[in-house]
Amino acid sequence: MNIYQYDKSKEWFQRAVKVIPCGVYGHFSPAPYAPVEAYPFFSDKAEGARFWDVDGNEFIDYMCAYGPMVLGYHHPEVEAAFQKQISISDANTVASPRMVELAEFLCEMIPVADWAFFARNGADVTNMAVMVARAATGRDKIIAIKGGYHGTSPWMQAPGHHGTIADDHDHLFRIPWNDLEALDRILAEHGSQIAAFMASPFHHPIFEDNALPADGYWQQVVDKMHENGSVVIVDDVRAGFRLHMGGSNEHYGFKPDMIAFSKAIANGHALSALVGTDDLKVDAAKVFHTGSFWYCAGSFAAALACLNILKAEDGPARMRMLGEKLTGGLRDLASSHGYTMIVSGEPALPYLRLADDETLMLQQAWCGECTRRGAFFTSHHNWFLSTAHTEDDIEKTLQIADEAFKAVKKQFGS
Amino acid sequence: MIDQLKSRLNLKAVLRNLEVLPALDPVSAELISDWNISLRFSVWRDTQVVLDFHDGRCVFHSDSKESTSVNLFFSSPAHLNNMFENQASPLPLKGFTKLGFLKKEFSQLIGRLEYFLKPAAETVQDEAFKKVNLALSLNTAVFAIPELMKLDPVSRRIAPQFSAGSLQFSVDPDGPHAHIIFDGQSRAVAFPGPAVNPTAMTVFKNSEVAQALVAGTLDSFAAVATADIQLRGMIPLIDHSNVILDRLPLYLQ
Ligand SMILES: Cc1ncc(COP(=O)(O)O)c(C=O)c1O
């Protein structure tokens, strides 16, 4: 099997780091890629479930642009809808009818949604949700989950990290996932100040096993928060439209007051949405939150096409099936090599970890060996399936994984 | 608080290097070869450390209760910090007969530490010098982390985010190494040398890379991308530690 080299990626990185802080920053930064030599940094071509790096290496892509790609890169119908829209209007001085159509569509498809508000990135709408909750309750404080990610606004960041100040976290409580007692304690002490509880539908931290909601967890959260006069926000930016077309909360059987979506909503076109119940519509109207590109119409058209296709093809069921095939296959393969693969989270966006090494170094080495043979796996973050992945892709991935297990066995022993 | 943290860094991150210096520097090894003496440095109402010299070695104890042959007392953290800047002397509480030793032999040993850690402009920085400088600089940084976690306001906010585990810093191919063990409850302890089964590792490809980082001339982001600095294992331990290390120059030059 061909072992990839990344000379051109490295050259581009050397150019990048001269003119861009960090060279490649944020979630694309090479820092969590260990070993970094196993990963490409730049790509100019993507199609279906694959991308090609600037050295021409081909990858079956299990990160899906960290979530936005859900139907495959360059999906013909989504691209046609996008092109058609931008050929008539994209940036404009007044709003696009496509925005209204998309809001109607979301209100029809998502049981919780009586209204929809649009922006570009996930954090635009997680921030909007918090502002709406504060406006609606007249309270300051937010409860979130330890290790939960909602974007990079200062209050969402890890305390103490560069560019944040102590006050940024003054109105935030972080409690462990699935811990109702911790929630009770915060409510008992600070109940009258709590505007909202915000969490992803299941817990998907990085560098850690993911965790599903315990039986009854979410319903109890909803009941306790409502009893306290507080708002429940689901951050479905990552999982949205991969578990259920009506919002991931439908998959788990509960109803929050607002849901934040982005990533998969428009198959890679820049869009996010906040939807909510009627009770919050007036408060949402009162909050001022906007951006120069939030009205660009191409993304609305792309989202309409993307969501229609996902719905018609039952995308979530397909991604679950593919995810189960992939993770089941990898689990069996690991065990045939004498390793134990722990699969957590949801099959459509699973997190995998070799249990034989608490430090993750074995997992990192194995993901690196898979990547440099053409199956792009990160070791710190959940992966993503798309409807464009095929059973043949998974078969090929398992062959790559098999070779990778042999390679790490040589390196680490069994 | 700044003086308090500085004094703890002076004792527990800088002075602690006397533990490893003799193994690196033949002049220091020769100096202490026949010492049989233990020195306590205590700061009033704060911290204290012991340097125990025997059999040609120096053993460092933090907050030890053992009795020592000499007790050096500092009336405040600022008093101790002034001594480190050569502007004050301690008050010996015990061991008056050893004053000569302190003034002469011990001062010479401290002189060696300064020679390597705060080189004068005219110091010839040859390979041997650089090797010791790197080892001491690495230790100082790693030893500083637990103290910063206790008293630096930013590091205190980072401290609860460390899960339990150990982080090793290594320079390939032959060291130096130093490591730090986090207890998962906002506390840590640091040690020279490699860890047993580290949970995370920061490995410098060679001493030139590590020296460039110490000198502040390395683009560490580029170095990570080119694998000149390799990160492995539980990378959050590394991320959090790096933020804390960025605070060190505020207290130690
Ligand atoms: C759960 C979750 N919320 C919010 C965000 C922030 O989205 P964005 O990066 O588009 O602002 C992300 C991004 O990864 C996410 O995964």
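How many residues of chain A are in contact with how many residues of chain B? I went through the contacts (heavy atoms within 4.5 Å) and found 26 residues of chain A against 26 residues of chain B.

Ground rules before I go on. I'm looking at a predicted model, where local features need pLDDT of at least 70, side-chain atom pairs count only at pLDDT 80 or more, and totals for chains, interfaces and linings use all residues. Residues are numbered from 1 along each chain as its sequence is written, chains are lettered from A and ligands numbered from 1 in the order in which they are written, and side-chain values use heavy atoms, with hydrogens and water left out.

**Entry: chain A against chain B**

I looked up the buried area (accessible area, 1.4 Å probe, that two parts lose on being put together, summed over both). Chains A and B bury about 2,000 Å² between them, with 68% of it on carbon and sulfur atoms. On the chain A side, H161(A), F207(A) and M361(A) lose the most area to chain B, together 23% of what that side buries.

I checked for salt bridges (a side-chain nitrogen of Lys or Arg within 4 Å of a carboxyl oxygen of Asp or Glu) and got 0 between the chains. Polar contacts came next (a pair of N or O atoms within 3.5 Å; within protein, one must be able to donate a hydrogen and the other to accept it, and residues adjacent in sequence count only if both atoms are side-chain atoms). There are 5 such residue pairs between chain A and chain B, both residues at pLDDT 80 or more.

For helices and strands I used DSSP runs (H or I, at least four residues; E, at least two; numbered from the N terminus). Helix 1 (7–19) and helix 11 (361–371) of chain A are the elements giving two or more residues to the side that touches chain B. Helix 1 of chain A gives the most, with 3 residues. By class I count 17 nonpolar, 7 polar and 2 charged residues on that side of chain A. (Ala, Val, Leu, Ile, Met, Phe, Trp, Tyr, Cys and Pro are nonpolar, Asp, Glu, Lys and Arg charged, and the others, Gly among them, polar.)

**Entry: inside chain A**

The domain bounds come from an automatic or database domain assignment. Chain A splits into domain 1 (7–61 + 315–412) and domain 2 (76–312), and their C-alpha centres lie 27 Å apart. The two domains of chain A bury about 1,700 Å² between them. P316(A), E346(A) and L349(A) supply 30% of the area domain 1 buries there, more than any other three residues.

Which side chains meet in a salt bridge? I found D209(A) with R353(A), at 2.7 Å, N to O. The count between these domains is 1 salt bridge, and 9 residue pairs are in polar contact, both at pLDDT 80 or more.

I also stopped at T327(A), in helix 10 (residues 315–336) of chain A. T327(A) counts as buried because its relative accessibility is 5% (buried is under 20%, exposed over 50%, partly exposed in between; 1.4 Å probe, protein chains only). Leaving out residues up to four places away in sequence, T327(A) touches V343(A), P350(A) and L352(A).

**Entry: inside chain B**

Here I have domain 1 (2–117) and domain 2 (138–250). These domains of chain B bury about 1,100 Å² between them, 65% of it on carbon and sulfur atoms. L5(B), L9(B) and R16(B) supply 43% of domain 1's share, more than any other three residues. I found 0 salt bridges between the domains of chain B.
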